[in-house]
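Visitor: Could you take me through the salt bridges in this one? I'd like a close look at who pairs with whom.

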Amino acid sequence: MAVARVALEHEHRARREDRREVGAVERVATFDPGHWYEEHTDDVERIVVRGGRPLSGAVPIAGAKNSALKLMASALLAEGDHVLENVPRIVDVEIMSDLLVSMGVDVRRTDEHELTIRVPADVQPEAPYELVERMRASIVVLGPLLGRFGEAHIALPGGDDFGPRPIDMHVRGLEALGASFETSHGYVHARCDQLLGTRVLLEFPSVGATENVLMAAVRAKGTTVIENAAREPEIADLAAFLNRMGGQVVGAGSSTIVIEGVDELVPVRHRVIPDRVETATLLAAVGVAKGEVTLEGARPEHLDMLVQKLGDMGMRISPCSEGLWAAAPTRLRAVDVATLPYPGIATDYKPLFVALLSVAEGVGIVTENLFAGRFRYVDELVRMGADVRTEGHHAVVRGVERLSGAPVRAPDIRAGAALVVAGLGAEGETVVADAHHVARGYEDFGGKLRALGADVEWWHE
Ligand code: EPZ
């Protein structure tokens with residue numbers, strides 16, 4: 001088996017070299033899935049982690065998944081060639097590419113981290129079930145399709161491991177702009193002759209609803225004001241892209257966004273912001289495994305609350321010329337954590353905090369305020385010897401000296417990464433199954449941890 005794995009890696013490396021040599025332009029969506037994604041496919045995959053090695057060195061932070069996906073969707077708003085730089089090589093980008101291509105858009109990977117998106121004069125305004133059920137974020141084509149084409153047919157995104165994920169705020173916001181909706185056969189059908197700017201008050205600062213209303217409003221007649229808008233850095237990145245295209249968006253990143261509708265947008269080049277969730281994951285890896293690392297390209301200003309909370313646990317983290325430097329002491333102190341919309345502690349960081357608290361000194365209470373059911377990975381951590389009890393949307397974590405390696409299963413992207421992180425500090429071997437979840441949101445996760453000295457392998461079956 002060992003020989004087979006090494007041979008496989010050699011073969012992967014050789015294929016990458018060939019392609020890099022000829023500088024092949026790859027059509028992402030019509031691309032044979034057996035190629036640049038060979039390390040990240042839907043095959044049954046496992047990540048094997050042998051704990052106990054402190055981390056050291058530097059790795060680059062990839063572009064943000066939760067921005068890149070929305071930027072790709074918003075390209076629909078303008079005919080022509082858009083170029084996105086710093087696009088992460090992850091499965092979700094491939095799924096969004098497949099979705100755009102199914103509408104008649106041409107998506108090419110024109111460099112290792114660059115996509116060229118050629119949007120035609122007309123598209124098939126539909127997001128089919130087989131793509132939406134693979135990635136809920138597909139719902140963000142709704143706003144741009146309504147904004148530019150006045151029509152959208154989107155398969156209703158189902159719930160997932162986090163529990164019910166309704167889109168009522170998306171619909172309500174777009175209805176306020178003048179769109180009409182009907183639902184049939186598992187699809188939501190939206191139409192409008194002309195969107196009209198208005199005041200949209202969101203019941204909750206939903207990221208997706210803010211983005212859909214924003215992308216529709218840039219092409220509405222008149223002024224739209226989104227109140228109680230989400231303030232995540234990815235929203236500001238989307239607004240920056242829309243403004244480059246000729247949009248007039250002010251206030252993104254605050255709770256009030258004002259949009260002056262325009263008649264036309266043009267295609268542009270834009271660089272995706274770095275991924276703060278990947279940064280948080282690698283910081284947690286240092287927290288559990290100990291050591292000292294530099295995260296190149298990380299943006300400290302997007303991570304204030306996280307850095308403060310990890311500092312309360314005893315980590316030393318500071319901005320540096322490359323990005324962010326971090327070191328962890330021998331044992332972290334327990335703290336209480338509550339997830340909140342940005343700038344609070346992100347719900348995507350929560351599984352990482354439960355992993356950190358599992359080996360911290362003392363007891364920490366973790367409260368989930370965004371997604372009711374986001375504790376499914378706790379049983380897996382308990383399998384590794386963690387002392388975690390959940391009650392409703394709270395988890396009480398009593399730190400233990402050390403976890404022990406065990407076979408566990410990743411229920412979703414962030415929980416999967418948190419199980420790998422927990423394995424870095426565990427005694428013996430942890431095998432994380434269903435690792436394809438991790439590949440959806442992390443570029444070369446295994447490779448980056450290995451570059452920092454961890455003993456981590458990615459297995460294909
Ligand atoms: C985005 O999801 C992210 N996904 C999530 O990251 C992230 O956890 C979440 O924001 C919160 O930060 C992407 O950007 C692709 P919301 P989104 O709308 O937009 C409720 C990851 O791992 N709600 O802000 O779906 C909803 O149920 C993913 O990268 C309604 O009730 O999140 C939730 O409780 C996981 N009705 C809360 O609001 C609505 O119409 C926040 O959801 C919309 C949302």
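Guide: Start with the network: Arg-50, Arg-53, Glu-429, Asp-455 and Glu-457 are linked to one another by salt bridges. Keep in mind that this is a predicted model, so everything here is computed from its atoms. Across the whole structure, a search turns up 25 salt bridges. The general idea is a familiar one: side chains of opposite charge can pair when their charged atoms come close.

Now for some individual pairs. Arg-271 and Glu-85 form a salt bridge in which the closest N and O atoms are 3.9 Å apart; the cut-off is 4 Å, so the pair counts. This one ties together distant parts of the chain, with Arg-271 in strand β14 (residues 269-271) and Glu-85 in strand β3 (residues 80-85), 186 residues apart.

Next, have a look at Arg-299 and Glu-301, whose closest N and O atoms sit 2.5 Å apart in their salt bridge. Is Arg-299 buried or exposed? Neither, really: Arg-299 is partly exposed because its relative accessible area is 33%, which falls between the 20% and 50% limits. Glu-301 is partly exposed too, with a relative accessible area of 43%.

Then there's Lys-350 with Glu-368, whose side chains meet in a salt bridge at 3.0 Å, N to O. Here again the pair links distant parts of the chain: Lys-350 belongs to helix α11 (residues 350-358), while Glu-368 is in the loop between β19 (363-367) and α12 (378-383), 18 residues apart. Both Lys-350 and Glu-368 are buried.

To put those pairs in context, zoom out to the protein chain, which has 15 helices and 24 strands. Of its 461 residues, 57% count as buried. Links between distant stretches are a theme in the contacts as well: taking contacts with a separation of 6 or more, 75% of them are between residues 24 or more positions apart.

Charged residues also turn up around the ligand, where the shell divides into 10 nonpolar, five polar and seven charged residues. Of the 22 residues in that shell, Asp-168, Ser-206, Val-207, Asp-348 and Leu-370 come nearest. If you want atoms to click on, an oxygen atom of the ligand lies 2.7 Å from an N or O atom in the side chain of Ser-206, and a ligand oxygen is also 2.7 Å from a polar backbone atom of Val-207. For Gly-208, the distance from a ligand oxygen to a polar backbone atom is 2.9 Å. Taken alone, the ligand exposes 830 Å², and the protein buries 87% of that.

Methods
Residues numbered from 1 in each chain as written. Predicted model: local features only at pLDDT ≥ 70, side-chain atom pairs only at ≥ 80, totals over all residues. Heavy atoms only, no water. Near = heavy atom within 4 Å. Polar contact = N/O pair within 3.5 Å; in protein donor to acceptor, adjacent residues only side chain to side chain. Areas by Shrake-Rupley, 256 points an atom, 1.4 Å probe, with all protein chains shown as cover. Nonpolar A, V, L, I, M, F, W, Y, C, P; charged D, E, K, R; others polar. Helix = DSSP H or I, 4+ residues; strand = E, 2+ residues; numbered from the N terminus. Buried < 20%, exposed > 50% of the residue type's maximum accessible area, 1.4 Å probe, protein only. Contact = heavy atoms within 4.5 Å.
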